[in-house]
Amino acid sequence: MPMQRLIRLALAVTLVLGALLLAANTLGSRSSAPPGGPITGDVDRGRLLFERAGCSACHTVTTEFRVGTGMAGVLQPQGPVYPSGIDYGGALPNGAPRTEENVAVFIRSTNQGKIGLMPGRALTDQQMADLLAYLRTLTR
Ligand code: HEC
């Protein structure tokens with residue numbers, strides 16, 4: 001390959017890589033978290049995720065029961081409203097204390113409780129932060 005073509009090729013590759021890097025940076029800056037800093041959840045993104053990730057097929061955002069419990073109160077100490085006869089003593093259906101960390105673990109893993117099966121959902125840390133920010137707004 002003649003030298004000039006080689007140089008042009010190298011230039012083109014550099015330009016494309018530069019553009020990709022720029023795009024990656026722009027996309028990254030859309031997330032509310034500063035690089036290396038703690039992840040901040042966004043309520044609106046969490047609401048969208050709750051609908052798009054299929055949660056709403058099985059959960060209302062009130063105290064009303066669907067396939068699973070309504071999500072109102074899920075991040076409050078008293079927890080959500082359960083159908084009569086179901087009592088986890090304030091804990092999660094898998095017996096873990098009701099902390100945000102444990103709710104995140106619960107959502108990411110498949111759990112069989114007294115009510116039924118909750119299929120686990122793989123979510124990124126940013127998606128989980130958004131989802132938790134939204135769940136926090138669902139009080140009862
Ligand atoms: C196919 C139905 C189904 C889908 C989809 C589903 N869940 Fe569930 N979920 C359940 C059932 C059933 C339970 C009740 C488990 C039990 O207590 O036996 C549950 C329980 C839960 C609990 C625990 C509530 C408590 O008792 O404190 C949380 C939190 C939860 N789901 C969040 C989610 C989120 C967030 C999503 C979406 C990413 C989701 N679920 C998707 C069926 C589902």
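In this predicted model, helix 3 (55–58) and helix 4 (100–108) each contribute at least two residues to the shell around the ligand. The ligand is surrounded by 25 residues, of which the closest are Cys55, Cys58, Gly68, Gly113 and Ile115. Sorted by class, this shell consists of 16 nonpolar, seven polar and two charged residues.

The protein chain that provides this setting contains five helices and two strands, and, when read along the sequence, its elements follow the pattern α-α-α-α-β-β-α. Of its 140 residues, 15% count as buried. Among the contacts in the protein chain with a separation of 6 or more, 44% are accounted for by residues that stand 24 or more positions apart.

The packing of two of the helices can be described in some detail. In general, two packed helices are described by the angle between their axes and by the distance between the axes. The axes of helix 2 (residues 43–52) and helix 5 (residues 125–137) come within 7 Å and cross at roughly 95°, and because angles of 65 to 115 degrees count as roughly perpendicular, helix 2 is described as roughly perpendicular to helix 5. On the side of helix 2 the contact is made by Val43, Arg45, Gly46, Arg47, Leu49 and Phe50, while helix 5 takes part through Gln127, Asp130, Leu131, Ala133, Tyr134 and Thr137. By class, this contact of helix 2 with helix 5 comprises six nonpolar, three polar and three charged residues. Leu131 offers a view of the packing from a single position, since, leaving aside its neighbours within four places in sequence, Leu131 is in contact with Gly46, Leu49, Phe50 and Leu123.

In soluble globular proteins, nonpolar side chains tend to be buried together. In the present model, the largest nonpolar core has eleven residues, namely Leu49, Met71, Ala72, Val74, Leu75, Met128, Ala129, Leu131, Tyr134, Leu135 and Leu138. Helix 5 provides the largest share of this core, with five residues.

One member of the core, Val74, lies in the loop between helix 3 and helix 4. Val74 counts as buried because it has 22 C-beta neighbours inside 10 Å, where 20 or more are required. When its neighbours within four places in sequence are left aside, Val74 is in contact with Gly79, Pro80, Val103, Leu135 and Leu138. For one of these partners, Leu135, the separation along the chain is 61 residues, whereas the C-alpha atoms of Val74 and Leu135 are separated by 7.1 Å.

Two further positions in the loop between helix 3 and helix 4 were examined, Gln78 and Asn94. Gln78 has 9 C-beta neighbours inside 10 Å and therefore counts as exposed, the limit for this class being 12 or fewer. The C-alpha atoms of Gln78 and Gly89, which are eleven residues apart along the chain, are separated by 9.0 Å. Asn94, with 14 other C-beta atoms within 10 Å, is partly exposed. Not counting residues up to four places away in sequence, Asn94 touches Phe106, Asn111 and Gly113, and the last of these, Gly113, is also listed among the closest residues to the ligand. The C-alpha atoms of Asn94 and Gln112, 18 residues apart along the chain, are separated by 7.7 Å.

Notes
Residues are numbered from 1 along each chain as its sequence is written. This is a predicted model: local features need pLDDT of at least 70, side-chain atom pairs count only at pLDDT 80 or more; totals for chains, interfaces and linings use all residues. A residue is near a molecule or strand if its C-beta atom, placed from the backbone, lies within 6 Å of it. Helices (H or I, at least four residues) and strands (E, at least two) are DSSP runs, numbered from the N terminus. Ala, Val, Leu, Ile, Met, Phe, Trp, Tyr, Cys and Pro count as nonpolar, Asp, Glu, Lys and Arg as charged, and the others, Gly among them, as polar. Two residues are in contact if their C-beta atoms, placed from the backbone, lie within 7 Å. Axes are lines fitted to C-alpha atoms, for helices over the stretch in contact, and angles run from 0 to 180 degrees between N-to-C directions. Angles under 35 degrees count as roughly parallel, over 145 as roughly antiparallel, 65 to 115 as roughly perpendicular and the rest as oblique. A nonpolar core is a set of buried Ala, Val, Leu, Ile, Met, Phe, Trp, Tyr and Cys residues joined through C-beta atoms within 7 Å.
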